[in-house]
Amino acid sequence: MLFTCLSVVLIIAACSNTRILSSWKADDVQPQKFNKLLVIGMMGARDQTIRQQVENAMVEQLQANGITAIAATQQYGPRTFRDMKEEDAVKMVNGDNFDGVLVVELIDRKKETNYTPGSITYAPYGVIRGHWWPHYRVMYDRLYTPGYYTTSTDYCLEVNMYDSKQEKLEYSAQTKTFDPGSAQVLASDFSKTVVADMLKKGIIMK
């Protein structure tokens, strides 16, 4: 994707694991009220749960802002456009009165393993009378914290917004979601962050 205008967004939504890496809009875009948006998720065979969650979350977030939207899997089924020719797909979407199409792709998934080293710290302690073992056990627990490994998975998604009537790309953005833990959290954080950016940039209006 070539960007004629690229801006890096540094603001991260509160309580969100998602941040926008870059976003772009066409120079001549004017805020408009789309009558009906189609949300299409493009993920691999093993990521159909993510696809459905992302489509549904985007639809929910758009509708929460007064914008009519429908998920492609709901409108056309899970094999949306897979075996169709371009002219047939465009004709079908326009015939169903969609004046905007929003395509979301999972472009990268990276799993990382991180090691947190153990630490030894000083801690005051009271006198423990009797056998030496209780003293040893208490001090061991207080002073020594063992190291441990954690594994996290980060997701990069791209979203492209088209005016289907004018056959024109109006908006594109790439996002990164840090270790969401579930497809539902990924979809929710992603949709809130992207829709907020689209509203801010005047791509869509309530």
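## Pocket, patch and salt bridges

The largest pocket has a volume of about 400 Å³. The model is predicted. Fifteen residues line this pocket, and Glu86, Val90, Val101, Tyr162 and Ser164 lie nearest its centre. Helix H3 (86–95), strand S4 (100–116) and strand S7 (148–163) each supply at least two residues of the lining. H3 gives the largest share, five residues. By class, the lining of the largest pocket holds seven nonpolar, three polar and five charged residues.

Next, the surface. Trp132, Trp133 and Tyr136 make a nonpolar surface patch of about 380 Å². Tryptophan 133 lies in helix H4 (residues 132–143). Why does tryptophan 133 count as partly exposed? Because its relative accessibility is 40%, and partly exposed covers the range between under 20% (buried) and over 50% (exposed).

Side chains of opposite charge can pair when their charged atoms come close. The count comes to five salt bridges. Three of them are among those listed here.

| Salt bridge | Closest N and O atoms |
|---|---|
| Lysine 168 – aspartate 28 | 2.6 Å |
| Glutamate 55 – arginine 51 | 3.4 Å |
| Aspartate 197 – lysine 201 | 3.1 Å |

Lysine 168 forms a salt bridge with aspartate 28. This pair links distant parts of the chain, 140 residues apart. Lysine 168 is in strand S8 (residues 168–178), while aspartate 28 is in the loop between strand S1 (18–25) and strand S2 (37–42).

Glutamate 55 and arginine 51 both lie in helix H1 (residues 48–64). They are four residues apart, about one turn of the helix. Both glutamate 55 and arginine 51 are buried. Aspartate 197 and lysine 201 are buried too.

Methods: Residues are numbered from 1 along each chain as its sequence is written. This is a predicted model: local features need pLDDT of at least 70, side-chain atom pairs count only at pLDDT 80 or more; totals for chains, interfaces and linings use all residues. Side-chain values use heavy atoms; hydrogens and water are left out. On a 1 Å grid over the protein atoms alone, a cavity is a set of points where a 1.4 Å probe fits but cannot get out, and a pocket is an open set with protein on both sides within 12 Å along at least five of seven lines; lining residues have an atom within 4 Å of a point. Grid points are joined across faces, edges and corners, and a volume is the space filled by probe spheres set on the points. Ala, Val, Leu, Ile, Met, Phe, Trp, Tyr, Cys and Pro count as nonpolar, Asp, Glu, Lys and Arg as charged, and the others, Gly among them, as polar. Patches are made of residues with over 30% relative accessible area and no salt bridge: like charges are joined within 9 Å, nonpolar side chains (Val, Leu, Ile, Met, Phe, Trp, Tyr) within 5 Å. Accessible areas come from the Shrake-Rupley method with a 1.4 Å probe; for residues, only the protein chains shown count as cover. A salt bridge is a side-chain nitrogen of Lys or Arg within 4 Å of a carboxyl oxygen of Asp or Glu. Buried means under 20% relative accessible area, exposed over 50%, partly exposed in between (1.4 Å probe, protein chains only).
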